[in-house]
Amino acid sequence: MSGKQKIISQYDYEKAEKKFELYIRESDLLLRSDEYIVMHLDGVKFTGKKCKQLSADNKKYVFACLMQTAINLCNKFASARIAYVAGDEISILLDGSCIKENYHNRVQKIISLFVSSATLFFNIELRKFNGKDKEQLYDFLNDGLFAAKTYNITSEMVNDYFKWRLLSCKKLIFDRREKFDEKADWEKYGALITFQNGKWTANKVDFEMSKLCKQPQDEHYVLKEVKL
């Protein structure tokens, strides 16, 4: 049995840490602060095994949970500028210049925080369900997890990026050989989440022929109904 524990100083700690600094620094990558940051979250196996068993109402409910999860993430992370939800994906645009809010743009830090926050928020929303066929949600309730990737894009790419995600949403219907015009708006267009009048709001709208622009005197992006 050891004797009395000696006092451990900051010097002792840093001395022991030094041998690991190079290895930690090698993978602790930083995103650019002079560009935007895309945080792209995917529900793990949401559109495969988990969704195949769901009724139409439950699929709609799961999407509503994803939509609210995205809004909650935008409220939590102050650098959020616009977001989009479609299928099992959430894309959030962050301002790379918000160093403090982005945890110094450290890839590992920001991804782990978004993944854990998304998983928590989604499961909180999912457990509010009080309708029929709750047993259909079993796989989500016990394994509603997210994966993520993050990368920089320039301001000139923002509009095209979200149009690309809208294209992915539409394509999914054709991949399944389903009739596009018979689908509900949330299935056809997903949900574009913008900050207006002091709050984050989701709109299920086709924004293919419109443009995403910054609001005057504001860093957030909104949808402008103008022809390109």
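Q: Where is the place of H104?
A: In this predicted model, H104 is found in the loop between β3 (89-95) and α4 (107-126). Those labels come from DSSP runs, numbered from the N terminus: helices are H or I over at least four residues, strands are E over at least two. Residue numbers start from 1 along each chain as its sequence is written, and side-chain values use heavy atoms, with hydrogens and water left out. As the model is predicted, local features need pLDDT of at least 70 and side-chain atom pairs count only at pLDDT 80 or more, while totals for chains, interfaces and linings use all residues.

Q: Why does H104 get its label, buried or exposed?
A: The scale runs like this: under 20% relative accessible area is buried, over 50% is exposed, and in between is partly exposed (1.4 Å probe, protein chains only). H104 has 53%, so it counts as exposed. It also has a positive phi of about 60 degrees, although it is not a glycine.

Q: What about N197: where is it, and is it buried or exposed?
A: N197 belongs to the loop between β5 and β6. Its relative accessibility is 82%, so exposed is the right word. The phi of N197 is positive too, about 55 degrees, and N197 is not a glycine.

Q: Why does L93 get its label, buried or exposed?
A: L93 has 0% relative accessibility, so it counts as buried. This residue lies in strand β3. Its C-alpha atom is 8.2 Å from that of S79, and the two residues are 14 apart along the chain.

Q: Which way do β5 and β6 run, and what makes them a pair?
A: DSSP has to find at least two bridges between two strands for them to pair. Strand β5 (residues 191-196) is joined to β6 by five bridges, so the test is passed; the two run antiparallel. One place to look is Q196, which stands opposite K199 in β6.

Q: How many bridges tie β1 to β3 and to β4?
A: Seven bridges join β1 to β3, and these strands run antiparallel. With β4, strand β1 pairs over eight bridges, also in the antiparallel sense. You can check the register by eye: H40 stands opposite S91 in β3, and V38 stands opposite Y151 in β4.

Q: What makes β1 a mostly covered strand?
A: Seven of the eight residues in β1 (residues 36-43) are buried. For the whole protein of 228 residues, 42% count as buried.

Q: In what order do the six strands of the open sheet come, and why do two of them have a side without a neighbour?
A: The order is β4-β1-β3-β2-β5-β6, with antiparallel pairing. Strands β4 (146-153) and β6 (199-203) stand at the edges with a single partner each, so one side of each has no neighbour in the sheet.

Q: What makes β7 and β8 a pair?
A: Four bridges do it: β7 (residues 211-214) and β8 (residues 221-224) pair in the antiparallel sense. L212 has L223 in β8 as its bridge partner. Their hairpin has six residues between the strands, and there Q217 takes a positive phi near 60 degrees.

Q: What span is expected for α6, and what does the helix reach?
A: Expected span means 1.5 Å times one less than the number of residues. With 18 residues, α6 is expected to cover 26 Å, and its first C-alpha to its last reaches 26 Å, so the two are close. Buried residues in α6 include Y161, F162, L166 and I173. After the helix comes R177, whose phi is positive, near 60 degrees.

Q: Which helices help line the largest pocket?
A: At least two lining residues come from each of α2 (46-52), α3 (56-76), α6 (158-175) and α7 (185-189). The largest share, five residues, is supplied by α3. A lining residue has an atom within 4 Å of a pocket point; a pocket is an open set on a 1 Å grid where a 1.4 Å probe fits, with protein on both sides within 12 Å along at least five of seven lines.

Q: What kinds of residues make up that lining?
A: Eleven are nonpolar, two are polar and seven are charged. Asp, Glu, Lys and Arg count as charged; Ala, Val, Leu, Ile, Met, Phe, Trp, Tyr, Cys and Pro as nonpolar; the others, Gly among them, as polar.
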